[in-house]
Amino acid sequence: MLLHDTALVYGRYLRQSLRSRFALLFGVLTPLLHLLFFGPLLTDLPLGGQGSSWQVLVPGLLLQLGLFGALFAGFTVIIEKGQGVVERMRVTPVSRLALLLGRVLRDATVFVFQAVLLVLAALVMGLRAPLPGVLIGFGFVALLTLSLASLSYALGMKARTPQEFGPTINMLSMPSMLLSGLMLPMSLAPAWLDVLSHFVPFRYLVDAVRDAYVGRYTSTHMLYGVLVAVGFTIVSVTLGTRVFRTAAA
């Protein structure tokens, strides 16, 4: 029943996304602009990492796509609460876990699709990376989306208005972006800033994807990245499910 219910919820929200093709492509616009206008500035600069500047920048942009997109996913729950959609779902026998999984799996599908478009554009710009590394990068985008979208939906269920939700997300997203080394490796930062960045879980995901893009699949960064991504996803989905169950009680 869980798989059946999840498929129903997933299909419903995926059809909504496919009907809005402009929104589907608009989400990749910001990282694409970074790629086009910021990427060429880094060419031939010593960035303190393995591989070319594109192999440093593109992994960060992929995770930036998941970070900002997934964190703001909870806005849809606030809208649905105002329209009575959540209230109608509460009286159905659908699994509360399925109500969350269907949503976050739709988000993961959308953001991985956008990540594919971003990598294709990067290949035109000059990116060269092994295919297994690129596929690993997509896997990290999916895990990041599952975890952050779960937390975002949980917050959306608790928030009463968008005015409460938006500032909270901005307060979390900006430090996460700056301290995780999305744009440039944190090895370029002063020692105190590099140490501080290790308290941000997204730092480990960025380092892991950058290693994957240069073919280092068994590095320490990869191990830490996988452990953090999987652990963070389990905790986030568990927390999000608990909030959905409580809200539906």
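This text walks through a helix pair, a nonpolar core and three buried residues in a predicted model.

The helix pair comes first. Helix H8 covers residues 131-158 and helix H11 covers residues 202-213. The two pack with their axes 8 Å apart, at an angle of about 165°. Angles over 145 degrees count as roughly antiparallel, so H8 is roughly antiparallel to H11. Their crossing is left-handed.

Where H8 and H11 meet, the residues on the H8 side are Gly133, Val134, Ile136, Gly137, Phe140, Leu144 and Leu148. On the H11 side they are Phe202, Leu205, Ala208, Val209, Ala212 and Tyr213. Sorted by class, this contact has eleven nonpolar residues, two polar ones and no charged ones.

Two residues of this contact, Phe140 from H8 and Tyr213 from H11, also appear in the description of the core. The largest nonpolar core has 66 residues. Those that touch the most other members are Leu62, Leu63, Leu67, Phe140, Tyr153 and Tyr213. Leu62 can serve as an example: apart from residues up to four places away in sequence, Leu62 touches Ala115, Leu118, Val119, Val141 and Tyr213. In soluble globular proteins, nonpolar side chains tend to be buried together.

The remaining part concerns two serines and a threonine. Thr6 belongs to helix H1, which spans residues 2-19. Is Thr6 buried or exposed? The relative accessible area of Thr6 is 9%, and the cut-off for buried is under 20%, so Thr6 is buried. Beyond its neighbours within four places in sequence, Thr6 has contacts with Ala98, Leu101, Gly102 and Leu105.

Ser53 is located in helix H4, residues 53-71. Its relative accessibility is 10%, so Ser53 counts as buried. Setting aside neighbours within four places in sequence, the residues in contact with Ser53 are Leu42, Thr43 and Leu47.

Ser176 sits in helix H9, which runs over residues 162-179. Ser176 also counts as buried, because its relative accessibility is 12%. Which residues does Ser176 touch, not counting those up to four places away in sequence? They are Leu67, Val200 and Phe202. Of these, Leu67 is one of the core residues that touch the most other members, and Phe202 is part of the H11 side of the contact with H8. Ser176 can also be placed relative to Phe68: the two are 108 residues apart in sequence, and their C-alpha atoms are 10.0 Å apart in space.

Definitions and conventions
Residues are numbered from 1 along each chain as its sequence is written. This is a predicted model: local features need pLDDT of at least 70, side-chain atom pairs count only at pLDDT 80 or more; totals for chains, interfaces and linings use all residues. Side-chain values use heavy atoms; hydrogens and water are left out. Axes are lines fitted to C-alpha atoms, for helices over the stretch in contact, and angles run from 0 to 180 degrees between N-to-C directions. Helices (H or I, at least four residues) and strands (E, at least two) are DSSP runs, numbered from the N terminus. Angles under 35 degrees count as roughly parallel, over 145 as roughly antiparallel, 65 to 115 as roughly perpendicular and the rest as oblique. A crossing is left-handed if the near helix is turned anticlockwise from the far one by less than a right angle, and right-handed if clockwise. Contact means heavy atoms within 4.5 Å. Ala, Val, Leu, Ile, Met, Phe, Trp, Tyr, Cys and Pro count as nonpolar, Asp, Glu, Lys and Arg as charged, and the others, Gly among them, as polar. Buried means under 20% relative accessible area, exposed over 50%, partly exposed in between (1.4 Å probe, protein chains only). A nonpolar core is a set of buried Ala, Val, Leu, Ile, Met, Phe, Trp, Tyr and Cys residues joined through side-chain atoms within 4.5 Å.
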